[in-house]
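Me: I should like to learn how to read the features of a structure, beginning with the ligand. Please take me through them one at a time.

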Amino acid sequence: MQEKIIILDFGSQTTQLIGRRVRELDTYCEILPYNKFPENDPSVKGVILSGSPFSVYDDKAFRIDLSKVIGRYPVLGICYGAQFMAYMNGGKVEPANTREYGRAHLTKIDSSNPLFKGIGQGTQVWMSHGDTITSIPDDFKIIASTDEVKVAAYEISGKNVWGVQFHPEVFHTEDGTQLLKNFVAGICGCRQDWSPASFIESTVAELKDMLGDDKVVLGLSGGVDSSVAAVLLNRAIGKNLTCIFVDHGMLRKNEFKNVLHDYECLGLNVIGVDASSKFFSELKGVTEPERKRKIIGKGFIDVFDEEAHKIKDVKWLAQGTIYPDCIESLSITGTVIKSHHNVGGLPEKMNLKLCEPLRLLFKDEVRRVGRELGMPEHLIKRHPFPGPGLAVRILGDITPEKVRMLQEADDIFIQGLRDWDLYDKVWQAGVILLPIQSVGVMGDERTYERAVALRAVTSTDAMTADWAHLPYEFLGKISNEIINKVKGVNRVCYDISSKPPSTIEWE
Ligand code: XMP
C-alpha cells in the first residue's frame, strides 16, 4: 500500500512547500483543504497542519474537529497549526508585541525529543507570525524556545502531537528538512520509498485497472507534462491511447515535424493535424492580445473535438494536469478559489471522463518520471512555450510572413543558446516581433525594416522571473546573425525587464 502523509491546508502560502519538502523525503503526501480529512484511510501515516492567514481567535478562522486526528495519527502543527492545537486544548494565543518575521535561533532545544534528533542548539529557523502562544496546557511540554518566543516548539506528552511556531518547510530554516524527516520517517515511520520508479509502477497498474479496454484521447502540446502523461498512458494501455497534436501554425520553426517525429520514436499513436490555415484566416487582422488568445483557444477545442470524434467509442480524455494546477487553495473567505483547472473547456464540451495521471506530481517530479520512462533529455528539458505560441509574440496583426520571420529569428536565438551551452541555464527564451520599423543601412542601401526583441529569463516557477544576464559576446553574435539572415529585420533589442512588474511574454 502507498503510505502517505496528509497535509491539511489552512490557507497558508507555504502549504505547497510543505508538500514539496515531504516529497523530497521520498514520501508520498497529499495536500487537502483543512475540512476534507479522509475518514478511515489506512494508508495515512501522519498529519501535518499548515499555517493560515487567520488568527485562531478570528471569527472566520478555519477550525477542525481535532479528535479526527489527535490520538489517531502522529500530528505536526506548523505555525497556525501549532497555535490552533494549543488554543483548542485551553492554551492562550495572543497577538505578539511585534509581528515576528524572519530569522531566529532556537535555544533550549530538548535534544532527546525525537522531533529534534540531529538538530543542534542555536539552529536558525524562519518565523512569520503575528500571534504567539503565551501559555500552554499542563500536558504540553516546551521543547524549544527563541529569544522572543518561549513556545517555539512543543510536544503534547503521550499523544504523539508536536507543534512548531516556525516554518520548517522554508529554505531559511537550516534544519527544516531534518525536522520534517524526524517527523515523517522517525515519528510516523514512513519507509521513504516513494520514487519515480514506484510511481510509474503503481500508476500504470491503476491506469490499467481504471481504463480496462476503454479508448482514450490526449491532446499533445510538445510540452513536458502532456508528453510524459502520454508515455505513461502508452505504457498502460498501448494503442488504446490516441494522441492528437494540433499545429495552429504558430509553432516554432520545424516544431510540428520534429515533435511528431519524437512522439513516433516513443511509440505513441499520434495524429498530427495541420490546421494552420484555419487559424491564420480566423486571426486575420486581429491585434488585441486577449482576442488572439480566445480565437486560438476556441479553434484548438474545435479541431481537437472534431479529430477525437473520428475515433470510435472514445470514453476518456487524458490531460497532463499537474499537482500545482489541482491543489485547492483557500481564499480568506474560506471558499475554494482555485479549483481544478483544465485546458480551455475541453472536458465540458466533449462529455468524456477525465484521466489525469500526473495530477499528483510537481513539475520536477514529472521530469524525473519522464527520465525514468526513458524519454529523451531534449524533450524533458524543453523550455515552456505558451499555448497560443508565436501569436502572442507577434505584436499587432498576424500574417504567415510575420510568423516566418519570427520563426527564423527565434530559431537562431534558441540554437545559439544550445550551442553556447546556455539553453539549460535559462527558464525560457524567445524572440518577439515588434510592430515598428526603423531605419538602417545595409551595404549602400537604406533599409526600413522591423525590430525584434530577444527575451530570456531565469525563474523557478514563472510566477516571478529575472532577465537572464546573457554574455554580451553571445548577444552580439545572435544580433548579427539575425540581422544578416532574417529578411525583413534590421534591428535587435534585448529585453531587460523582470517579472513583476513585466511579464515573461509580451502579450
Ligand atoms: P507570463 O507572460 O504571464 O507567463 O509571465 C508565465 C508563463 O506562462 C506561459 N504562458 C502560457 N502558457 N498558455 C500557456 O500554456 C498561455 O496562454 C500562456 N501565456 C503565457 C509563459 O510562456 C510563461 O512560461
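Me: Which residues are around the ligand?

Reply: A residue is near a molecule if one of its heavy atoms lies within 4 Å of it. Here the residues around the ligand are Arg293, Pro384, Pro386, Gly387, Pro388, Gln428, Ala462, Lys499, Thr503, Ile504 and Glu505. The model is predicted, so local features need pLDDT of at least 70 and side-chain atom pairs pLDDT 80 or more, whereas totals for chains, interfaces and linings use all residues. Residues are numbered from 1 along each chain as its sequence is written, and side-chain values use heavy atoms, with hydrogens and water left out.

Me: How does this shell divide into nonpolar, polar and charged residues?

Reply: The classes are fixed in advance: Ala, Val, Leu, Ile, Met, Phe, Trp, Tyr, Cys and Pro are nonpolar, Asp, Glu, Lys and Arg are charged, and the others, Gly among them, are polar. By that scheme the shell around the ligand has five nonpolar, three polar and three charged residues.

Me: Which polar atoms of Arg293, Gln428 and Gly387 lie by the ligand, and at what distances?

Reply: A polar contact is a pair of N or O atoms within 3.5 Å; within protein, one must be able to donate a hydrogen and the other to accept it, and residues adjacent in sequence count only if both atoms are side-chain atoms. A polar side-chain atom of Arg293 is 2.4 Å from a ligand oxygen. The side chain of Gln428 also places an N or O atom 2.4 Å from an oxygen of the ligand. Gly387 uses a polar backbone atom, 3.1 Å from a ligand nitrogen. Of the 500 Å² that the ligand exposes when taken alone, the protein buries 67% (Shrake-Rupley method, 1.4 Å probe).

Me: What polar contacts does the side chain of His248 make?

Reply: A polar atom of the His248 side chain lies 2.8 Å from the backbone oxygen of Gly387, a residue that is also in the ligand shell. The His248 side chain reaches the backbone nitrogen of Met250 as well, at 3.1 Å. His248 sits in the loop between strand E11 (241–247) and helix H6 (255–265); helices (H or I, at least four residues) and strands (E, at least two) are DSSP runs, numbered from the N terminus.

Me: Is His248 buried or exposed?

Reply: Buried means under 20% relative accessible area, exposed over 50%, and partly exposed in between (1.4 Å probe, protein chains only). His248 counts as buried because its relative accessibility is 5%. Met85, in helix H2 (residues 80–88), is buried because its value is 0%. For the protein chain, buried residues make up 55% of 507.

Me: Why is helix H1 described as largely enclosed?

Reply: Seven of the 10 residues of H1 (residues 15–24) are buried, so the rest of the structure largely encloses this helix. Among the buried residues are Ile18, Val22 and Arg23. Just after H1, Asp26 has a positive phi of about 55°.

Me: Which residues line the largest cavity?

Reply: Rolling a probe the size of a water molecule over the atoms shows where empty space is left. The lining of the largest cavity includes Arg23, Asp26, Trp194 and Phe199. Helix H11 (363–372) and helix H4 (196–211) each supply at least two lining residues, and H11 gives the most, with three. The lining has five nonpolar, one polar and four charged residues.

How values were computed:
On a 1 Å grid over the protein atoms alone, a cavity is a set of points where a 1.4 Å probe fits but cannot get out, and a pocket is an open set with protein on both sides within 12 Å along at least five of seven lines; lining residues have an atom within 4 Å of a point.
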